[in-house]
2 protein chains.
Amino acid sequence: MFGEECSKPPILPMNAPYHHGDLRAAALEMGMERLASQVQPDLGLRALARDLGVSATALYRHFPNKDALLDALALEGLDRLGQSQAEAADAAGGGLPGFAEVGVTYVEWAVQHPALLRLIYARVGKVDLATPDPSAMGEAFRQLRKGIAEKMPGDLAPEERAAATLHAWSLVHGLAMLILDGQIEYDPAMVRKVVLITEFRDS
Amino acid sequence: MFGEECSKPPILPMNAPYHHGDLRAAALEMGMERLASQVQPDLGLRALARDLGVSATALYRHFPNKDALLDALALEGLDRLGQSQAEAADAAGGGLPGFAEVGVTYVEWAVQHPALLRLIYARVGKVDLATPDPSAMGEAFRQLRKGIAEKMPGDLAPEERAAATLHAWSLVHGLAMLILDGQIEYDPAMVRKVVLITEFRDS
DNA sequence: TCGCGATGTTTATGCCGTTAACATGACAAG
DNA sequence: CTTGTCATGTTAACGGCATAAACATCGCGA
């Protein structure tokens with residue numbers, strides 16, 4: 001396979017319990033690394049398998065297809081995003097300033113994890129919402145939305161509240177996307193200012 | 001090629017001046033058709049060529065590569081979007097209500113041309129902004145931004161004005177993207193309400 | 001000890017974008 | 001009218017991709 005003599009794997013740890021150890025985890029880890037370090041990461045099954053020192057089709061023992069692997073990565077990213085927002089909400093304390101801080105955090109997280117955020121929305125756009133599909137993907141996103149709605153302060157009427165939540169989410173998402181697409185340069189002060197325009201004009 | 005007898009093209013018009021007539025225009029037209037009628041259009045060179053009744057590599061006489069074809073389609077879409085917004089601005093008259101109407105129009109256009117809007121932003125994200133690249137793509141987008149900024153009413157300080165413009169653009173873009181990704185259902189009344197939250201709170 | 005199932009490999013199929021070599025046919029120069 | 005040239009289109013080929021099927025290997029439990 002690799003050479004005529006010596007052990008099979010080149011430099012890999014010898015304590016591999018199975019053939020590889022834990023290929024699924026290794027693949028996800030490598031995928032997350034690429035999403036974190038590259039702007040347009042190559043997440044092809046062959047490329048991944050190659051750099052994992054494994055044959056081209058080995059990953060099919062752990063994922064039914066490429067989409068499943070991408071979904072798993074997007075799910076992990078969604079979890080991290082929600083976590084960052086929860087931390088920001090706690091750190092800022094409740095109220096209007098806290099809510100604004102959650103929005104700013106969304107944009108900053110997007111800037112720090114551009115490829116991952118893109119993957120998340122690329123994948124979430126392909127799940128069928130009508131079907132009662134409790135796939136982790138849809139559920140995680142429902143959680144994210146719920147989190148936003150819950151942190152929304154104020155004593156508005158339910159309808160106004162829904163509109164305000166949607167407004168806030170749209171604003172930070174659009175701002176993040178425009179920055180990621182290079183349409184506007186990232187300026188933390190500007191981001192904060194733009195987000196606060198809405199939040200602090202409230203009543 | 002097609003048969004042993006009769007004319008070469010199956011049912012195509014006989015008045016084709018050249019081999020095909022105008023393959024470039026035909027390819028772009030078919031691409032736009034697919035972008036308009038399909039959610040996830042197949043814009044592969046082979047698929048396009050196949051349905052155009054032409055060999056797989058014929059398009060390379062008119063486009064250096066696939067990206068160039070996609071860029072041409074995105075450029076056309078960008079032009080149509082700008083046109084829609086200009087019309088909306090005129091129809092609504094100036095002032096704050098007119099500006100809000102431009103925003104609503106952006107979202108509605110996105111809903112009516114989802115694949116095309118996606119293509120636009122997918123392509124515009126790949127142009128290098130730093131380089132003095134006066135490619136039609138970058139120029140068209142600068143025009144779009146300028147249009148938004150110009151229609152922005154009010155007598156704010158320049159800095160406030162910039163922030164408000166960015167705010168408005170982010171809001172409608174984010175709203176459009178969330179609808180396209182199926183995160184929120186399209187409701188014209190809700191869209192209008194959400195957009196107006198900002199515009200009309202302006203003192 | 002043995003075998004079975006999980007994991008990985010090999011091989012193959014059909015798609016894709018892209019290139020190079022060749023064919024065709026419209027139009028201009030002679 | 002002839003001829004040549006260039007734009008346009010075709011064929012064949014290369015490498016890469018996702019995926020499937022058949023085969024190989026190894027850990028672990030009966």
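Chain A holds 8 helices and 0 strands. The model is predicted. Chain B lies on chain A after a turn of 180° and a shift of 0.0 Å along the axis, with an RMSD of 0.0 Å. That is the relation of a two-fold axis.

**Fold of chain A**
- From the N terminus on, the elements read α-α-α-α-α-α-α-α.
- Chain A has 203 residues, and 33% of them count as buried.
- Consider the contacts in chain A between residues at least 6 apart in sequence: 65% of these join residues at least 24 apart.

**Interface between the chains**
- On chain B, 25 residues are in contact with 25 residues of chain A.
- Three elements of chain B each give two or more residues to the side that touches chain A: helix 5 (114–124), helix 7 (158–180) and helix 8 (188–199).
- Helix 7 of chain B gives the most to that side, with 12 residues.
- By residue class, the side of chain B that touches chain A splits into 15 nonpolar, 7 polar and 3 charged.

**Symmetry**
- In general, a rotation about an axis and a shift along it relate two copies of a chain.
- Here the turn is 180° and the shift along the axis is 0.0 Å, which means a two-fold relation.
- Gly174(B) has the C-alpha nearest the axis in chain B, 1.7 Å from it.
- Both copies use the same surface: of the contact residues of chain B, 100% recur in chain A.

Definitions and conventions
Residues are numbered from 1 along each chain as its sequence is written. Chains are lettered from A and ligands numbered from 1 in the order in which they are written. This is a predicted model: local features need pLDDT of at least 70, side-chain atom pairs count only at pLDDT 80 or more; totals for chains, interfaces and linings use all residues. Two residues are in contact if their C-beta atoms, placed from the backbone, lie within 7 Å. Helices (H or I, at least four residues) and strands (E, at least two) are DSSP runs, numbered from the N terminus. Ala, Val, Leu, Ile, Met, Phe, Trp, Tyr, Cys and Pro count as nonpolar, Asp, Glu, Lys and Arg as charged, and the others, Gly among them, as polar. A residue is buried if 20 or more other C-beta atoms lie within 10 Å of its own, exposed if 12 or fewer, and partly exposed in between; C-beta atoms are placed from the backbone. Copies are superposed by least squares on the C-alpha atoms of residues with pLDDT of at least 70 in both.
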